[in-house]
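User: Could you walk me through how the two chains in this model meet? I'd like to take it one question at a time.

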Amino acid sequence: MWYYEKKLQYPVKVRECNPRLAKYLIEQYGGADGELSAALRYLNQRYTIPGKVIGLLNDIGTEEFAHLEMIATMVYKLTKDASPEQLKEAGLAPHYVNHDGALFYHNSAGNPWTAEYIQAKGDPIADIYEDIAAEEKARATYQWIINVSDDPELNDSLRFLREREIVHSQRFREAVEILKEERDKKTIF
Amino acid sequence: MSHTNKKYWYPYVSPYDPCKPITVKSYPTPPQLYMGFQPPNLAQFETPKQALFHGTLWPALYSKYDKRGDET
């Protein structure tokens with residue numbers, strides 16, 4: 001189970017109403033390499049992974065939900081009280097007619113989130129390597145979003161999230177080293 | 001620098017597990033995990049036929065895989 005702390009992992013400040021930026025950011029909400037994919041991937045893989053790395057998947061998967069909330073907050077603030085006309089100008093008319101101002105799990109092109117974005121292969125090496133790749137792809141996505149964003153306060157939060165991807169990648173790489181270690185050799189066959 | 005092709009772990013077994021618990025589980029750790037950049041002049045199989053059948057020129061990269069349960 002989880003305990004909930006009613007605060008964000010890192011503050012989210014948004015300088016101006018900017019639905020277009022929200023359209024780009026939604027990639028990290030419901031996109032293939034987004035935070036929802038990450039959280040669900042890790043928390044699902046943990047059941048069948050060797051005991052030594054279950055805790056890592058548990059902790060990182062949980063943190064991904066904290067990131068998901070931050071992204072949701074950003075998207076919400078960027079679009080809150082925007083007029084239908086403003087949303088239309090930002091290319092969000094299709095989103096508006098389907099969802100009004102509600103958030104939804106899709107990528108910036110409007111494709112709904114799908115479980116095909118994630119995998120649980122059951123082979124510990126394959127699963128952890130997928131996780132490393134996912135962290136690097138998320139890091140890249142943050143870079144490209146920062147490149148198209150000129151909101152300095154939002155970019156500060158995005159840089160925090162990019163840094164967390166780096167730390168997670170490092171931890172998953174350490175998990176591979178743990179899985180490679182020769183200890184716990186089977187002595188009786 | 002030798003390594004095993006397979007690792008074993010001992011999953012937690014609950015007193016309430018309905019299926020008969022498997023107390024030792026294994027997973028493959030094939031050689032590419034350990035090699036880094038392949039060293040030059042790595043020993044090759046003795047005959048081309050052996051290499052062909054193994055799928056690699058180099059015994060150090062060969063990973064035997066047995067059907068689960070057939071392990072010796």
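Here are some questions and answers on the interface.

User: Happy to start with confidence: which element of chain B has the highest mean pLDDT?

Analyst: Good place to begin, since this is a predicted model. Chain B has a mean pLDDT of 92, and 93% of its residues reach 70 or more. Among its elements, β1(B) has the lowest mean, 93. The highest mean, 97, belongs to helix α2 (residues 48-54) of chain B.

User: How much area is buried between chain B and chain A?

Analyst: In terms of residues, 14 of chain B are in contact with 16 of chain A. Carbon and sulfur atoms give 63% of the buried area. The total comes to about 1300 Å².

User: Which three residues supply 44% of the area that chain B buries against chain A?

Analyst: The side of chain B that touches chain A divides into eight nonpolar residues, five polar and one charged. No other three residues supply more of chain B's buried area than this trio. They are B:Tyr8, B:Tyr27 and B:Leu33.

User: And what is the distance between the closest N and O atoms in the salt bridge of A:Glu182?

Analyst: The rule finds one salt bridge across this interface, along with four residue pairs in polar contact. The partner of A:Glu182 in the salt bridge is B:Lys7. With a cut-off of 4 Å for such a bridge, the pair qualifies at 3.6 Å.

User: Lastly, which element gives the largest share of the side of chain B that touches chain A?

Analyst: The elements giving two or more residues there are β1 (6-9), β2 (25-28) and α1 (32-35) of chain B. The largest share is three residues, and it comes from β1(B).

Notes. Residues numbered from 1 in each chain as written. Chains lettered and ligands numbered in written order. Predicted model: local features only at pLDDT ≥ 70, side-chain atom pairs only at ≥ 80, totals over all residues. Heavy atoms only, no water. Contact = heavy atoms within 4.5 Å. Buried area = accessible area lost by both parts, 1.4 Å probe. Salt bridge = Lys/Arg side-chain N within 4 Å of Asp/Glu carboxyl O. Polar contact = N/O pair within 3.5 Å; in protein donor to acceptor, adjacent residues only side chain to side chain. Helix = DSSP H or I, 4+ residues; strand = E, 2+ residues; numbered from the N terminus. Nonpolar A, V, L, I, M, F, W, Y, C, P; charged D, E, K, R; others polar. pLDDT = per-residue confidence, 0-100.
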